[in-house]
There are 2 protein chains.
Amino acid sequence: MLRSVDQDDSPPTVGIVGAGQLARMTYQAAIPLGLRTRVLATAADESAALVARDLTLGAPTCYQALEELASMCDVLTFDHELVEVTQLEALEAAGHRVRPSAATVGLAQNKLRQREELGALGLPVPAFQALGGPADLLGFANQQGWPVVVKAIRGGYDGRGVWVVNTPTEGVALLDRLGAHQELLVETWVPIERELAILVVRRPAGQTVVYPLVETVQVAGICREVLAPAPVAPKLAEQAKELALRVAAASSVVGVLAVELFETGGRLVINELAARPHNSGHYSIEGCISSQFENHLRAVLDWPLGETDLRAPAVATVNLLGGPNPVDLGRQLPRALAVPGAHVHLYGKGYRPGRKLGHVTALGADRGQAQSLARRAAELLVEPARS
Amino acid sequence: MLRSVDQDDSPPTVGIVGAGQLARMTYQAAIPLGLRTRVLATAADESAALVARDLTLGAPTCYQALEELASMCDVLTFDHELVEVTQLEALEAAGHRVRPSAATVGLAQNKLRQREELGALGLPVPAFQALGGPADLLGFANQQGWPVVVKAIRGGYDGRGVWVVNTPTEGVALLDRLGAHQELLVETWVPIERELAILVVRRPAGQTVVYPLVETVQVAGICREVLAPAPVAPKLAEQAKELALRVAAASSVVGVLAVELFETGGRLVINELAARPHNSGHYSIEGCISSQFENHLRAVLDWPLGETDLRAPAVATVNLLGGPNPVDLGRQLPRALAVPGAHVHLYGKGYRPGRKLGHVTALGADRGQAQSLARRAAELLVEPARS
């Protein structure tokens, strides 16, 4: 199975660290480009490992595994950011191409640094402070007002690592419960009118493309639906685009950068960044001329980037999340395929409550039409069949 | 690598006999559907073998290889028709699901039977006759008029196995050169105004969908361009659709059936059939709501079929054929990606003159726009770079 990059200098081989659904969809996008793709998987039944021909087995935090992967690839990129930045720095020092770079991954891993660096550029972030202990929390809240939001600086996602704190008593109890081993920050609670996201893709040569601003509908911190374009004033969409371009330039990202935003009081506030293909961009597979996965590959190879325009007036994506009861998506798939225009994507993952098992995208003449088609197919997939 | 179907009864595993570009694009379409796909490849560097996780190595005419593949799959389907029908019949008799069936594959392999069976249904085929020897040829041509066309009954494709014969002397010389070991037919030469193709997809439960009629531009018998929709009168497009539905029903096809047509004197004549995804349908990957590859998979699994409507007023696909001088498509790819809206598909195949190495699709507001974008990108890929 193993073969050396030297055996044939064309086409290039892209190594993907991590074998989740993002790697799976990136693998799919690599096929028409004629690329070789090698996936680093912890286990052979992970989402991307089920479809990829060339696998390296190993943990994404094992330097030996990363080094082995890098030695067989022209460039390394990522399915997730649960990696060790010092290891990426060592790979870079050893001459391997890591895209996005160790520096960018480090920024994407650290919510405190994001706020510091973006704030220093004059970009809109909530008021924030690193948390040493309860005194910091109370001091910050007394100054900025209650409620406040406590966040894990590293590792939180899908609603984990975020706590809204309404009173001093709650705050002290929370910090007591979390203990001292977790790095935290506190920030002002922003009254959210709408959650938004915008993807920007940058290649080393400097070309940058921006996808349309989308609305992300979150339930309990997990993204349920993505609606493109976001139903906001054109001026706000333009501001989001400018903001995304500034963040991309400032972070020197290579590949996709997702900027999650809040709309509050008619203005935008940056929530957080991800330096990889992102759940808010799955709609682009059918919904845009070039998908986020294709453009991510083009970017990490420093190739010209593709157009990001929508292919229809409205596109909706509904995530398939494991509900309280187990479902067999494969068995329910035929029912969902009967919904006209529903594009179903299954990730090959076993059922677990709350787990992202797939998504459905539909295009429409307007938002309501796209949303109702995608929702109908999604319901047929995740709701137990009435027999 | 090998694993039994029994290990987990969901999702289904589709076996593909043959590992060319059709299998490669089918593999790509299987990923979002969450399917397992196993490819029978003669060599590990074939187009689909370069991307498929699960390979069975063996010849498509080796019964042991087919039997091994079938034993690991829920259904077998095909990348090409260079198989032995008696072996497929044996697989069916052993209880394996073969789709399309041995009977349909037998029909698709045999141009004489196609003409006989379609003619018997009253469908438009050229006047034809099986060729025993020179006397048959001269008798047919004297009755129907010169020129005539001699065709290999089996195995011809991409312009091979077709000879236009203008005079008795040419005819006698041709048959002399071909010898007696090749089954041949003779048919009337049809003055072709336009070559057309239409794809129909049928599932066992009976649902059938038809793709738009397309124009196929052939050079030296090889398809260079596919243009959707074909620029014909609506009445002719409607006739093509009815004809395709009748052929699908008559052949009991399961999966994609391609009907190649000639437009002559304002009417349609059937040229030949293929019972698999077809070069004339590659435009459907980006150009239609559901691609021919996705619908082929849905059909062989007896799942509901997807919509076949065009996503744009016009779609053009240009095939990338190896020219007289070797080119490295991978190296030239970045230049082509700079053409806005060009969707490049490389098959991972080594250069050979005349070989189909990939294709480019572009969508447009009209035929001219789509065609010029696709052509521009294709030229940048196959023409040597001027440095």
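The legends below describe close-up views of a predicted model.

**View 1. The buried and exposed faces of helix α6 of chain A.** In helix α6, which spans residues 134-144 of chain A, the buried residues are A:Leu137, A:Phe140 and A:Ala141. These residues lie on the same side of α6(A), because they cover an arc of only 95 degrees around the axis. An α-helix has 3.6 residues a turn, so residues three or four places apart point the same way. Among the elements of chain A that cover the buried residues of α6(A) are β5 (128-131), β6 (148-152), α7 (168-178) and β8 (184-188). The exposed residues A:Ala135, A:Asn142 and A:Gln143 are carried by the face turned away from the buried side of α6(A). After α6(A) comes A:Gly145, which has a positive phi, near 100 degrees.

**View 2. The relation between chains A and B.** A turn of 180 degrees, with a shift of 0.0 Å along the axis, lays chain A on chain B with an RMSD of 0.0 Å. The two copies are thus related as by a two-fold rotation axis, and in chain A the C-alpha nearest this axis belongs to A:Arg53, at 2.0 Å from it. The copies meet through the same surface, because 97% of the interface residues of chain A are also interface residues in chain B.

**View 3. A salt bridge between A:Arg375 and A:Glu225.** The closest N and O atoms of this pair, A:Arg375 and A:Glu225, are 2.5 Å apart. Because A:Arg375 lies in helix α12 (residues 367-382) and A:Glu225 in strand β12 (residues 222-228), both of chain A, the salt bridge ties together parts that are 150 residues apart in sequence. A:Arg375 counts as partly exposed, at 37% relative accessibility, whereas A:Glu225, at 8%, counts as buried.

**View 4. Salt bridges within helices α5 and α10 of chain B.** In helix α5 (residues 111-120) of chain B, B:Arg113 and B:Glu117 are 4 residues apart and therefore separated by about one helical turn, and their side chains meet in a salt bridge with an N to O distance of 3.1 Å. B:Arg113 is partly exposed, with a relative accessible area of 31%, and B:Glu117 is also partly exposed, with 35%. In helix α10 (residues 292-300) of chain B, B:Arg298 and B:Glu294 are likewise 4 residues apart, or about one helical turn, and their side chains form a salt bridge of 2.6 Å, N to O. Here B:Arg298 counts as buried at 1% relative accessibility, and B:Glu294 counts as buried at 15%.

Definitions and conventions. Residues numbered from 1 in each chain as written. Chains lettered and ligands numbered in written order. Predicted model: local features only at pLDDT ≥ 70, side-chain atom pairs only at ≥ 80, totals over all residues. Heavy atoms only, no water. Buried < 20%, exposed > 50% of the residue type's maximum accessible area, 1.4 Å probe, protein only. Helix = DSSP H or I, 4+ residues; strand = E, 2+ residues; numbered from the N terminus. Arc of directions from axis to C-beta. Contact = heavy atoms within 4.5 Å. Least-squares fit on C-alpha atoms with pLDDT ≥ 70 in both. Salt bridge = Lys/Arg side-chain N within 4 Å of Asp/Glu carboxyl O.
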